[in-house]
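The following exercises are to be worked with the sequence and the model at hand. Each task is followed by a solution in steps.

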Amino acid sequence: MIETFRLMRQVLAHPFSFYSDIQEPRRIRWIDGLIVIALVYLARMVSILLTGYAYETREPYEISYMHEMVWLIVPWLTWCIANWGVSAILDGEGKFKEVFVGSAYALVPYAVLIIPVTLLTNILALDESSIYTLLLNLTIGWSVWLMLVKIKIVHDFEPLKVVWITLLTLAGIAIIWFIGILMFGLINQLINFVLEIVQEVNFRR
Amino acid sequence: MNAFRKWVAGLTAFALLSVFGSGTVSAATPYEGYTYVKHGGDIHSTNGYLYEDSIDGYDLPTGAFNAPEDLFVADDDSIYIVDSGNSRVIHLDADGNYVGTIGDLEGDGMLNEPKGVFVTHDGMVYVADTKNQRIAIFDQQGKFVQQFGKPESPLLGETFSYSPSKLLVDKRGYMFVVSDGNTQGLIQIDPKGVFRGFYGANHIGFSWVRLFQKLVATEEQRAKIATVKPLEFSNAVLDSEGFIYTTTLGTDRNQLKRLSPVGVDTLPANKVYGDYFVSGDAPFSVPSFVDIVVDNDGIMTAVDLQTSKIFQYDKLGNFLFAFGGLGDQNGLFVQPSSIDQTSKGAIYVVDKGRNRIDIFKATPFAKLVQQASKYYVEGRYAEAEGLWQEVIRQNSHYELAYLAIGKAHYKAENYEDAMRYFKLAYSRADYSAAFKEFRKEFTREHFAMICVGLILLLIALRYVLPLLWRLAKKQWLKREASKALKGGVHGDRNLSSDATGTGTSV
């Protein structure tokens, strides 16, 4: 556990060395990635609870713990899969484990900073929201930057290729989601079809 | 459970007794009062207006009305009814007694299916004589005085068809005429009958689709696309301050407008009037307001033909009440066409489909809300507060009341209470404003404590946190060393560098 926190510290202070270090064998564990994602989720939920009234954009009944979790895990997981897949085709060096854990660690700035930034909403009025938006954007920007660093170092790419891979990854995510939704619809139809046949047979028995 | 059942039975018995036992109540109101809340749409509320009586002309010397189109309440509360199907204007006094008929005699004054009437302060009657394509003017006694035909101007265009349906006369004697099917605005005619331009026309907003069509479509394709015209006014009325209010057809927002002397809408932009969703065969239908009346306090009451309902708004466009609906019972309408209000607050609605005029009276609750809203609109929040408290006591769902009380507290510098009420009214912007003041006050009072707190926080961040970090790491290193003795971790070059590197940087 303490190892996980030490790595979190390193990714904030020395991202480049962090991402080269995680390529050492047995340096990281799958569980590290899951712990970080759990922390991000926790930080997000706490920040929702701590948001000042004036800054709330949703009513409490509109917020679902499950929904928030799905919207964190699904994009992150599809990003990992798409990024790993695209890089593997285009001569990337990264293993899936490195992508999986590395992407999770890229979200550490968000997990660490979102709570203090959200606390600000309790002492800021709405017309001072630019401070809050700036800090929030910086937090998210930091995470995005770490994602790019991850692609560059884990897969050992040129900067230009990093941009190209990022775009391809986003396209990959879109394709995965499209196919996922398509499969969901088709399987739904199939199940309904089978159920109806069973029903029909039952009626005529 | 048993006690509850007994209680319900008792309540039902009481309700039955109160409905059938008393002689004065003949039938329940056929419509249900409602109000809008930000979260939850429309919810039940106390009715603002109740049906009182009708005028149908059978007991008057005039006989029954036929498709009445318009109604005007003059300064002395006498009413002018435009009996369109019988081509006449009927004048009744404030108690509904017959005074006279205008335009039913042969000669220049003979009307032909008029649709609108306006009476000036000195009693001159202006009639929009639609089928005759003219404005006819009569004096107090109903004698024909003058007429103005189709206005002449190159601005009107060659294809202009004149069909005056509604009109108003401002204090200069200028006539503002609504001509059916004309989308260029109100037609201004001066006291000499000369066309003086259009007034307050609706504008066409920007549309991405149209821009795209313009860029992509060829000449022939463009010719086939229907031209977009500004929306048409259905009515125009004058209030006591000289503002002109209009109703617009064919849109779902800003259907009601208060036009300034230069023809600019002064009501809040992007307001939605009427029902948001109308149940029925269509999933969504756009309200079509056909008439509006404005009282001396700026409270607007408008007729929606789509739902056959009457909607009332305060001077800022906040929803107050809705009543009426489509149906045959007293209090519902078949086809409402016009509305006006007496100085005592009674509302007259012309039901063209049933050839009669229905009279509605405000309930005590409506009077309370209107009085409170009047103070609120004028910014006299402190005076309004007590009234709004009473409104909440009678109907705790009335969201406008919470907002108004919040403003009263804000003005009285009770910022904490203001924040509480703004929260109840779901008004985040107002809440934030009150919070800002509250924060100022709080900081001033607890300045020393805040400073001490900040210093403690800085110390904690600078010294205590790194100390804890070092302790934790020492523990971890110890464990790692013992692990290394047993076997160690391969290729852990980070371990040594970090132990020295970050250890000093902390």
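**Exercise 1. Describe the span 399–432 of chain B and state how UniProt annotates this span.**

Step 1. Residues 399–432 of chain B are 82% helix and 0% strand, and their end C-alpha atoms lie 18 Å apart. Helices (H or I, at least four residues) and strands (E, at least two) are DSSP runs, numbered from the N terminus.

Step 2. An unreviewed UniProt entry gives this span as "repeat: TPR". UniProt positions follow the numbering used here, feature names are shortened, and annotations may be inferred rather than shown by experiment.

Step 3. The conventions are as follows: this is a predicted model, in which local features need pLDDT of at least 70, side-chain atom pairs count only at pLDDT 80 or more, and totals for chains, interfaces and linings use all residues. Residues are numbered from 1 along each chain as its sequence is written, chains are lettered from A and ligands numbered from 1 in the order in which they are written, and side-chain values use heavy atoms, with hydrogens and water left out.

**Exercise 2. Determine the secondary structure of two further annotated spans of chain B, 107–141 and 447–469.**

Step 1. The unreviewed UniProt entry assigns "repeat: NHL" to residues 107–141 of chain B. This span is 40% strand and 0% helix, with 16 Å between its end C-alpha atoms.

Step 2. For residues 447–469 of chain B, UniProt (unreviewed entry) gives "transmembrane region". Here the span is 100% helix and 0% strand, and 32 Å separates the end C-alpha atoms.

**Exercise 3. Characterise the fold and dimensions of chain A.**

Step 1. Chain A contains 8 helices and 0 strands, giving the pattern α-α-α-α-α-α-α-α along the sequence.

Step 2. The C-alpha atoms of chain A occupy a box of roughly 70 × 50 × 35 Å along the principal axes. The radius of gyration of chain A is 21 Å, whereas a compact globule of 205 residues would have a value near 17 Å. This radius is taken over C-alpha atoms, and the globule rule is 2.2 Å times the number of residues to the power 0.38.

Step 3. UniProt (unreviewed entry) places "domain: Yip1" at residues 10–178 of chain A; that stretch is 76% helix and 0% strand, its end C-alpha atoms being 36 Å apart.

Step 4. The unreviewed entry also lists "transmembrane region" for chain A, including residues 131–151 and 163–187. Residues 131–151 of chain A are 100% helix, with end C-alpha atoms 30 Å apart. Residues 163–187 of chain A are likewise 100% helix, with end C-alpha atoms 36 Å apart.

**Exercise 4. Analyse the contact between chain B and chain A.**

Step 1. Each chain supplies 25 residues to the contact (heavy atoms within 4.5 Å).

Step 2. About 2300 Å² is buried between the two chains, and carbon and sulfur atoms give 51% of this area. Buried area is the accessible area (1.4 Å probe) that two parts lose on being put together, summed over both.

Step 3. Between chain B and chain A there are 4 salt bridges (a side-chain nitrogen of Lys or Arg within 4 Å of a carboxyl oxygen of Asp or Glu). One of them joins A:Asp127 and B:Lys436, whose closest N and O atoms are 2.8 Å apart.

Step 4. Helices H7 (415–424), H8 (428–445), H9 (447–486) and H10 (493–505) of chain B each give two or more residues to the side touching chain A. H8(B) gives the most, with 7 residues.

**Exercise 5. Locate the salt bridge between B:Asp77 and B:Lys344.**

Step 1. The N to O distance of this pair is 3.9 Å.

Step 2. B:Asp77 is in the loop between strand E4 (70–73) and strand E5 (79–83) of chain B, and B:Lys344 is in the loop between strand E23 (336–341) and strand E24 (347–351) of chain B. The pair thus links distant parts of the chain, 267 residues apart.
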